[in-house]
Amino acid sequence: MSARTLGRVALTAAMCLFADAVIQACPICFQIEDAHLTSGVRAAVGVLMGVTLTVLAPVVVFAVRFARRQKVQGSAT
Amino acid sequence: MNIPYTTERRLDTGVTNVTLGMWLFIASEVMLFGALFSAYALLRVSAVDWPSGRAVLNLAIGGINTVVVLSVTAAVWRARRSPAAAARRWLVIATVLALTFLGVKTYEYSVEVAAGLRPATSTFLAMYFTLTGLHAAHVMAGIGANLWAVAGSTRVSEAMTAGRTRSLALYWVFVDIVWLIIFGLMYLL
């Protein structure tokens with residue numbers, strides 16, 4: 001490991017250990033959990049997760065059925 | 001070149017490749033609109049003040065367009081269950097209805113812009129124009145697909161046209177569902 005890389009690692013470690021909590025805070029809410037923006041981000045993440053799961057659930061169902069059909073076809077031939 | 005499984009079902013997937021392709025396309029479109037609905041949730045919930053759609057937009061025009069877009073799907077669904085000649089007729093009717101939707105939407109936009117309601121006016125209007133504009137683009141694509149299916153019906157087999165119409169029916173149901181969500185979020189809430 002070069003001296004430069006070592007310096008970067010040391011600096012990052014020092015920041016993690018000694019820096020003020022605000023520096024490490026979430027860049028959206030800055031630890032203000034009851035802010036409007038925080039609620040908005042939570043809602044947005046909820047909607048996106050809902051949509052993603054709605055799309056992925058049929059994909060999983062299809063994959064399972066596809067595998068079963070292939071197995072049935074394989075045993076028939 | 002003969003592409004396999006365009007009219008007959010594959011045993012392993014249970015559907016034709018045309019239908020499977022349409023389902024995959026719809027899944028990608030759901031993610032596209034899902035990202036926009038997520039942005040809507042972020043902007044709406046984090047906004048200190050959010051106007052009511054009833055106060056800003058014209059609910060009557062939105063309601064008319066809801067009926068029109070539902071009629072488009074009904075017509076394509078009818079085409080799906082009809083023999084070739086009747087299916088062509090229903091697809092043309094659906095296309096005319098879809099053009100009506102776009103005409104009404106254009107009128108609505110012109111009234112709003114004349115009243116100073118532009119995308120830059122507020123976050124609500126920016127979201128409204130983005131969502132309805134993208135939906136209108138999908139209606140235009142649907143019109144193109146309808147006309148392509150009608151024009152192609154004289155060149156390809158009946159089974160092929162039936163497969164295309166089935167896929168179009170799926171697409172228009174998707175366009176309908178998206179519109180109903182947009183109508184609920186922008187006009188009613």
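## B:Thr19 and B:Thr16

The side chains of B:Thr19 and B:Thr16 are joined by a polar contact of 3.0 Å, in what is a predicted model rather than an experimental one. The two residues sit on either side of a boundary in the secondary structure, since B:Thr19 is placed in helix 1 (residues 17-46) of chain B, whereas B:Thr16 belongs to the segment before helix 1. B:Thr19 has a relative accessible area of 14%, and because the limit for a buried residue is under 20%, B:Thr19 counts as buried. B:Thr16 is likewise classed as buried, with a relative accessibility of 6%.

Once neighbours within four places in sequence are set aside, B:Thr19 is in contact with B:Ser167 and B:Leu170. The corresponding list for B:Thr16, which leaves out residues up to four places away in sequence, consists of B:Tyr5, B:Thr6, B:Thr7, B:Glu8 and B:Arg9.

## Salt bridges

Over all chains, the rule applied here gives a count of two salt bridges. One of them links B:Arg10 to B:Asp12, with the closest N and O atoms 2.7 Å apart. Its two partners fall into separate accessibility classes: B:Arg10 is partly exposed at 27% relative accessibility, while B:Asp12 is buried at 8%.

The other salt bridge is formed by the side chains of B:Lys105 and B:Glu108, with an N to O distance of 2.7 Å. Because B:Lys105 and B:Glu108 are three residues apart in helix 4 (residues 84-114) of chain B, about one helical turn separates them. Here B:Lys105 is buried, with a relative accessibility of 1%, and B:Glu108 is buried as well, also with a value of 1%.

## The surroundings of B:Tyr187

B:Lys105 takes part in a further interaction, a polar contact of 2.9 Å between its side chain and that of B:Tyr187. B:Tyr187 lies in helix 6 (residues 158-188) of chain B, and with a relative accessibility of 0% it counts as buried.

When neighbours within four places in sequence are left aside, the residues in contact with B:Tyr187 include both members of the helix 4 salt bridge, B:Lys105 and B:Glu108. Among the other contacts of B:Tyr187 are B:Gly53, B:Arg54, B:Leu57, B:Asn58, B:Leu59 and B:Gly62, together with B:Tyr128, B:Trp179 and B:Ile182. The relation to B:Ser52 shows how sequence and space can be set side by side here, for B:Tyr187 and B:Ser52 are 135 residues apart in sequence but 7.7 Å apart in space, C-alpha to C-alpha.

## B:Asn65

B:Asn65 is found in helix 3 (residues 59-80) of chain B and is buried, its relative accessibility being 0%. Not counting residues up to four places away in sequence, B:Asn65 touches B:Phe101, B:Val104, B:Lys105 and B:Trp179. Of these, B:Lys105 and B:Trp179 also appear in the contact list of B:Tyr187. B:Trp179 lies 114 residues from B:Asn65 along the chain, and the C-alpha atoms of the two are separated by 9.2 Å.

## Chain A

Chain A contains two helices and zero strands. Its radius of gyration is 24 Å, whereas a compact globule of 77 residues would have a value near 11 Å. Taken along the principal axes, the C-alpha atoms of chain A fill a box of roughly 65 × 45 × 15 Å. Buried residues account for 9% of the 77 residues in this chain.

## The interface of chain A and chain B

At the interface, 17 residues of chain A are in contact with 18 residues of chain B. The two chains bury about 1,400 Å² between them, and 76% of that area is on carbon and sulfur atoms. By class, the side of chain A that touches chain B has 10 nonpolar, six polar and one charged residues.

What does the rule find in the way of salt bridges across the interface of chain A and chain B? The count is zero salt bridges. For polar contacts across the interface, the rule finds one residue pair, with both residues at pLDDT 80 or more.

Terms used. Residues are numbered from 1 along each chain as its sequence is written. Chains are lettered from A and ligands numbered from 1 in the order in which they are written. This is a predicted model: local features need pLDDT of at least 70, side-chain atom pairs count only at pLDDT 80 or more; totals for chains, interfaces and linings use all residues. Side-chain values use heavy atoms; hydrogens and water are left out. Contact means heavy atoms within 4.5 Å. Buried area is the accessible area (1.4 Å probe) that two parts lose on being put together, summed over both. A polar contact is a pair of N or O atoms within 3.5 Å; within protein, one must be able to donate a hydrogen and the other to accept it, and residues adjacent in sequence count only if both atoms are side-chain atoms. Ala, Val, Leu, Ile, Met, Phe, Trp, Tyr, Cys and Pro count as nonpolar, Asp, Glu, Lys and Arg as charged, and the others, Gly among them, as polar. Helices (H or I, at least four residues) and strands (E, at least two) are DSSP runs, numbered from the N terminus. The radius of gyration is taken over C-alpha atoms; the globule rule is 2.2 Å times the number of residues to the power 0.38. Buried means under 20% relative accessible area, exposed over 50%, partly exposed in between (1.4 Å probe, protein chains only).
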